[in-house]
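Reader: Hello! I am new to this structure and would love a close look at a single part of it. Could you walk me through one pocket and what surrounds it?

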Amino acid sequence: MEHIISSHSHIRHHLDQYGILSPYQHGFRKLYSCETQLLVTIQDLLFHLDKHVPVDMAILDFSKGFDVVPHRRLLGKLSLYGINGPILCWIEAFLTEWVQGVVVEGFRSPEGKVLSGVPQGTVLGPLLFLLHIHDLPSVPSVITSQIRLFADDCLIYRPIRSSADCEALQRILWSDGVVHGA
């Protein structure tokens, strides 16, 4: 069922038709890959190198990114992206009806409800994660820098022509919530 919902239903068509997924996201998408991200990034860096403009770069990994996606926020974003009705209800059940427990040396803990995250190892999980973070490149201060996303990895870089450029990159990383996961 989740394969039908994520790949062959109107969700993929809807996402493609309305350009909802960020073109800066190269993970878990048809015609996008680690290689396409690398090619675009190298092209950008060589452009600045040819002009003798240094580039500062931060490479980020959203630690446990798939595990900390807040369900309510994600469901709200899905609704804003036009994913509603029975499909949104099904996705809500898919996200919120997971339980987990731990087995150590034959002893099983009580199962507890999973309160956040998208299930890893599923067909739908990566798509839901992409929809959760896809608006990161639209943060106003990020727009003035380059950003590349690959699943839960993020590359932010900026040509440095003055100390103001350097300070702007630092603000992106610390004040605007990129590092803090806002």
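How many residues line the second largest pocket, and which of them lie nearest its centre?

Author: Happy to help! The model is a predicted one, in which local features need pLDDT of at least 70 and side-chain atom pairs count only at pLDDT 80 or more, while totals for chains, interfaces and linings use all residues. Residues are numbered from 1 along each chain as its sequence is written, and side-chain values use heavy atoms, without hydrogens or water.

Thirteen is your number: 13 residues line the second largest pocket, and those nearest its centre are Asp-67, Gln-100, Val-114, Ser-116 and Val-118. (On a 1 Å grid over the protein atoms alone, a pocket is an open set of points where a 1.4 Å probe fits, with protein on both sides within 12 Å along at least five of seven lines, and lining residues have an atom within 4 Å of a point.) The volume of this pocket is about 190 Å³, counted as the space filled by probe spheres set on the points. Its lining is made up of seven nonpolar residues, five polar ones and one charged one. Here Asp, Glu, Lys and Arg count as charged, Ala, Val, Leu, Ile, Met, Phe, Trp, Tyr, Cys and Pro as nonpolar, and the others as polar.

Two of those central residues, Ser-116 and Val-118, lead us to Val-69. Leaving aside neighbours within four places in sequence, Val-69 is in contact (heavy atoms within 4.5 Å) with Ser-116 and Val-118, and also with Leu-74, Gly-117, Phe-129 and His-132. Val-69 and Gly-117 are 48 residues apart in sequence, yet their C-alpha atoms are 4.3 Å apart in space. Val-69 sits in the loop between strand S1 and helix H4 (71-80); helices (H or I, at least four residues) and strands (E, at least two) are DSSP runs. Val-69 counts as buried because its relative accessibility is 1%, where buried means under 20% relative accessible area and exposed over 50%, with a 1.4 Å probe.

Two of the contacts of Val-69, namely Phe-129 and His-132, are among the buried residues of helix H6. In H6, which covers residues 124-133, ten of the ten residues are buried, so this helix is largely enclosed by the rest of the structure. Other buried residues of H6 include Leu-124, Gly-125 and Pro-126.

From Val-69 you can also step back to strand S1. S1 (55-61) is one edge of an open sheet and S6 (146-150) is the other, each pairing on one side only. Three strands make up this sheet, in the order S1-S7-S6, with antiparallel pairing; strands pair if DSSP finds at least two bridges between them. S1 and S7 (residues 153-159) are joined by seven bridges, and Leu-60 has Cys-154 of S7 as its bridge partner. Helix H3 (residues 34-50) packs on the sheet and touches S1, S6 and S7.

His-52 lies in the loop between H3 and S1. This residue is not a glycine, but its phi is positive, near 60 degrees. With a relative accessible area of 72%, His-52 is exposed, whereas Val-69 is buried.

Lastly, the whole protein: it has eight helices and seven strands, and 42% of its 182 residues count as buried. Among contacts between residues at least 6 apart in sequence, 66% join residues at least 24 apart.

Terms used
Axes are lines fitted to C-alpha atoms, for helices over the stretch in contact, and angles run from 0 to 180 degrees between N-to-C directions.
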